[in-house]
Amino acid sequence: MRGKQALKNMVASLLLQVIVLLSGLILPRFILEAYGSSVNGMITSVNQFLTYLGLAEAGVGTATVVALYTPLALNQTEEVNSILSASRKFYNKSGMLFLALTLVLVGVYPFFISGQLENSLVRWMILVLAGSTLVDYFFLGKYRVLLTANQEGYVVALIQAAGTIVNMVVSIFLIYIGAGVLFVKAVATGVYMLRLVLVKIYAKRKYPALDFHAEPNEGALKQKNAALLHQVVGIIVNNTDTTVLTICLGAKSLLEVSVYGIYMMVVNAVNQLMTSFSNGLTAGFGEVIAKNEEETLKKSYSSYEYMYFVIMFIVIACMGVLILPFVGVYTINLTDVQYVRPVLGILFTVIVFMQNVRIPGLTIICAAGHYKETRYQAILEAVINITVSLGLVWKFGMAGVLLGTVCSYGYRSFEIVFYTSRHLVKGCAKKSMFRIFRNVLVVALLCIVGTYVIPKNMASFITWFLYAIGMVAVSVFTIVGVNYVVEPDEFKELVLRVKAVSYTHLTLPTIA
């Protein structure tokens, strides 16, 4: 069933990411035009600070998923319940801590943006945006980790996709009739809360023996602290930019954060798209590793990496050429700050490459639960990010902050490739680096040609979309063609696996 479950998770995750992508592109533009760049920058900044406070989760979710792999594979119901009971206790404690930290943020944050917006609006916005995270801690988290560990993440993904559609439609309607931004975001939080009901109903029916009040096995979550360290690092590296811009750039901070937010909207959309090709596979790899199926792991990882890199480099080639024209059209009516900046387009494209080239190796590290073993590398990544960003922000502004992110991602991503080769999928680094090298050359050529062919200034999304179709077609043909010519056997093997999973739904000795 691994192959079938992986396909379900991948398809559902892809559907969710497409919907989230569309929502993430459409809603911010309505917010920008209705409420201005300062409000958009404030929402972006607050969300990033709340992500920092999300450290209160303390690695519970990640550690629980890893701990559940083996008892779920062996149908040990009592052990599953004891782990989930421990998880529930930690989630409740984390929720109380997050609430306390949020109240501190309500008191402190307005001083960072003094004079740019009304303090009452900012404070209430923090509370509203924090609501969805509180629901996750107190109610939804314990169900999500169970479904994720049992390779049923597609259930949560489909429910979230439906909620995202409802939220987008309702929010646009409220903005159209002139509702305030606080009310719009409050309704969005309410829609998020409705997910809990559907997820809970499914889990109760699918797992009638589920007992969150069994004797807790807190020892099973021994990776919690190590997982927390990785969460801390991930949050620092992924959110340092907004924090540094908010604190260091003074009176123009919200405008710069708004510019950053528009580019990050594209980056997040791309990353969400790529995540859909890895989200459904971690649990399957975890099962393979738990059963010590080394040959299956090696073959499956090679196919997964091959597929992921092909898709990733197609996306990066398109992003490198299309991001500036997109930002230009997206902000065509906004004049309060300059949004189209070529240097930012290049840096954000490099960041997406650095973020995603690590994903195949990181998937295996997470599946194996190697959090403690990789903690020092993770710490160094965060140190590089903060040090370089603070060192360059005063002279180069946003570009300096982004260079800090590029440096930290560059170190950590390639370290992950070699760590995976040394400890988990022995000897895979040589093949991985060759795949990266050849695709980087192809993408560089496509970007150089594309920037000359595709105009930077466009009048409408229709024009942009037509050029985008052409760029996608050329990128797919070129990158798939090159990878087929260089590794024809891997390509054919991947096609056979996909067909087997799609059409026969038989149990396969693979998870990809």
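Colleague: Why does Glu256 count as buried?

Modeller: Keep in mind that this is a predicted model. Glu256 has a relative accessibility of 9%, and buried means under 20%, so Glu256 counts as buried.

Colleague: What makes Glu256 and Arg341 a salt bridge?

Modeller: Their closest N and O atoms are 2.9 Å apart. The cut-off is within 4 Å, so the pair qualifies. Glu256 sits in helix α9 and Arg341 in the loop between α11 and α12, so the bridge ties together parts that are 85 residues apart in sequence.

Colleague: And why is Arg341 called partly exposed?

Modeller: Its relative accessible area is 21%. Partly exposed runs between 20% and 50%, so Arg341 belongs there.

Colleague: How do you know that Arg438 and Glu487 meet in a salt bridge?

Modeller: The N to O distance is 2.6 Å, and the rule asks for within 4 Å, so they pass. Arg438 lies in helix α16 and Glu487 in the loop between α17 and α18, so this pair links parts 49 residues apart in sequence. Arg438, at 7% relative accessibility, is buried, and Glu487, at 13%, is buried too. Both also belong to a network of salt bridges with Glu305, Arg435 and Glu490.

Colleague: Glu305 lines the second largest cavity as well. Which helix gives the most to that lining?

Modeller: That's α11, with 3 residues.

Colleague: What kinds of residues make up the lining of the second largest cavity?

Modeller: There are 5 nonpolar, 2 polar and 1 charged. Glu counts as charged, so Glu305 is the charged one.

Conventions. Residues numbered from 1 in each chain as written. Predicted model: local features only at pLDDT ≥ 70, side-chain atom pairs only at ≥ 80, totals over all residues. Heavy atoms only, no water. 1 Å grid on protein atoms, 1.4 Å probe; cavity = no way out; pocket = protein on both sides within 12 Å on 5 of 7 lines; lining within 4 Å. Helix = DSSP H or I, 4+ residues; strand = E, 2+ residues; numbered from the N terminus. Salt bridge = Lys/Arg side-chain N within 4 Å of Asp/Glu carboxyl O. Buried < 20%, exposed > 50% of the residue type's maximum accessible area, 1.4 Å probe, protein only.
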